[in-house]
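Trainee: I would like a close look at a single part of this model. Please take me through it step by step.

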Amino acid sequence: MTNSLNVGIIGAGIQGISNALFLQKKGFNVTIFDRDNPGSPAASYGNAGHFSPYASLSLNRTDVLADVPAMLLSSTGPLALKWNYVPKMIPWFLKFISNTSKKKMMHTARNMHQILDLALPAYDELFDEINLDGLVEKKGILYIWNNQDLKSRELEINVRKELGVEQQLVNKSEIHDLEPNIKPFYHAGVYYPYARHARNPKKILLKFFELFIKKGGKFERRNINDIQFDTEKPIIISDDKRYHFDKIVIACGAFSKILTDNLDERIPLDTERGYHVHFKNCDHLLNRPVIFSNRGFGITPMEQGLRVVGTVEFGGLRNPLSKSRIKNLINNAKYMLGDLPEHEDEWLGFRPTLPDFLPVMGPSKNHKNVFYCFGHHHLGWTLGPISGKIVSGMIAKENTNLNLDPYSSKRFN
Ligand SMILES: Cc1cc2nc3c(=O)[nH]c(=O)nc-3n(C[C@H](O)[C@H](O)[C@H](O)COP(=O)(O)OP(=O)(O)OC[C@H]3O[C@@H](n4cnc5c(N)ncnc54)[C@H](O)[C@@H]3O)c2cc1C
């Protein structure tokens with residue numbers, strides 16, 4: 001197919017670059033804008049690298065509110081608050097609470113499942129065009145837990161069963177066979193053999209970006225302040241320049257709200273802050289990503305060493321990194337694996353999250369030539385290519401069998 005239209009994309013994370021590559025496949029001329037170079041320490045750089053098509057059940061679940069006080073009080077727990085941000089986040093929290101009924105939980109789970117199920121084939125379409133050089137491992141992903149948490153694990157297992165998600169329950173000795181270096185504190189777990197992990201998300205992103213440039217894509221390193229319009233055609237506004245396009249895509253992750261507010265839409269996007277550290281030269285200790293569900297953290301073997309990832313911290317985009325969360329990750333890693341060398345690379349990243357835990361994909365409410373692709377919370381790395389495929393299909397006005405209404409920004413208006 002050939003399309004001579006010019007499309008501007010704001011954001012060079014996995015969402016922006018995936019949109020660009022699928023738009024190029026359909027013949028559009030594409031320019032990407034980012035205030036940093038691609039591969040900069042945004043969420044798409046520092047994530048846990050899981051390709052997790054099974055993860056349909058999100059944080060808006062029926063049991064979450066009962067668990068929150070204990071999680072907040074626990075020094076080893078996954079949840080944290082920056083108290084100065086709590087007043088700003090109250091409207092988000094109220095919307096979140098209204099999304100924890102069984103009906104809303106299942107609405108999110110079904111509509112996450114719809115796109116997660118297509119996530120790996122969409123990646124493979126892009127992987128076919130680059131040399132992966134061993135950057136993706138197909139050894140599955142393992143979750144483990146101990147007794148006290150069994151009830152909430154049952155909820156997850158049942159929802160996945162209802163959705164038809166393939167899962168393999170594993171006992172203590174099977175976990176030991178899969179990961180002999182983990183200390184035997186666990187009771188049971190679940191293994192997703194078809195899940196994959198990235199050995200280095202940044203390198204994969206850069207390979208996609210190189211492909212984009214090779215296919216004639218343009219990149220402008222600019223901070224974008226605003227979108228204006230020449231009749232209906234969008235103009236991207238940076239500090240010193242104006243760029244005219246036929247269509248644009250806003251894919252700025254957790255920072256997208258700054259631009260959508262200017263477009264007069266009230267999209268309740270906020271962030272769940274997350275952290276990582278690396279233990280260099282230790283990646284041989286694990287064969288695959290392992291997540292300890294009780295403490296809500298995971299460890300992924302990567303080129304940089306073991307990447308220890310976790311925490312959901314509510315604190316906005318401006319607060320500094322919390323040293324206590326870094327300490328927490330280090331202690332948790334040692335709890336799982338015993339002695340480890342000094343850690344490196346303390347990183348804070350911003351998951352873009354809506355209170356119903358569904359992404360926003362589709363045209364803006366007020367401007368038919370402005371498209372959104374953000375809000376993929378814990379799953380934006382997994383969902384990059386499928387989201388790019390979906391949004392590029394909308395821009396090209398293609399028919400689809402998918403029900404895309406649940407992802408529309410109109411649900412908030
Ligand atoms: C700790 C942690 C672990 C995670 N682990 C996983 C995982 O294992 N698997 C998974 O599927 N997902 C995971 N995620 C989620 C995933 O990383 C994100 O959902 C995803 O990376 C979001 O991609 P994005 O392209 O929307 O945003 P980003 O990666 O944040 O990219 C947005 C880009 O927009 C640019 N930008 C923003 N505003 C402007 C502006 N005004 N002008 C110009 N440029 C702008 C930024 O510089 C940035 O490059 C994790 C996230 C975190 C924080």
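Trainee: Which residue with a positive phi follows α12?

Mentor: Lysine 397 follows α12, and its phi is positive, near 60°. Bear in mind that this is a predicted model. The helix itself covers residues 384-395, which makes twelve residues. At 1.5 Å a residue these should span 16 Å, and the end C-alpha atoms of α12 are 16 Å apart, so the expected span and the model agree. As for its surroundings, α12 is mostly covered, with ten of its twelve residues buried. The buried set begins with Gly384, Pro385, Ile386, Ser387 and Gly388, and goes on with Lys389, Ile390, Val391, Ser392 and Ile395.

For contrast in burial, take asparagine 37, which sits in the loop between β2 (29-34) and α2 (43-46). This asparagine counts as exposed because it has 11 C-beta neighbours inside 10 Å, and the limit for exposed is 12 or fewer. Asparagine 37 lies 185 residues from arginine 222 in sequence, yet their C-alpha atoms are 9.5 Å apart in space.

The two elements that flank this loop also bear on the ligand. The shell around the ligand draws two or more residues from each of α1 (14-25), β2, α2, β15 (270-279) and β19 (344-353). In total 41 residues surround the ligand, and the closest are Gly13, Ser44, Gly253, Gly274 and Gly380. Sorted by class, this shell holds 20 polar, 17 nonpolar and four charged residues.

Technical notes
Residues numbered from 1 in each chain as written. Predicted model: local features only at pLDDT ≥ 70, side-chain atom pairs only at ≥ 80, totals over all residues. Helix = DSSP H or I, 4+ residues; strand = E, 2+ residues; numbered from the N terminus. Buried ≥ 20, exposed ≤ 12 C-beta atoms within 10 Å, placed from the backbone. Expected span 1.5 Å × (residues − 1). Near = placed C-beta within 6 Å. Nonpolar A, V, L, I, M, F, W, Y, C, P; charged D, E, K, R; others polar.
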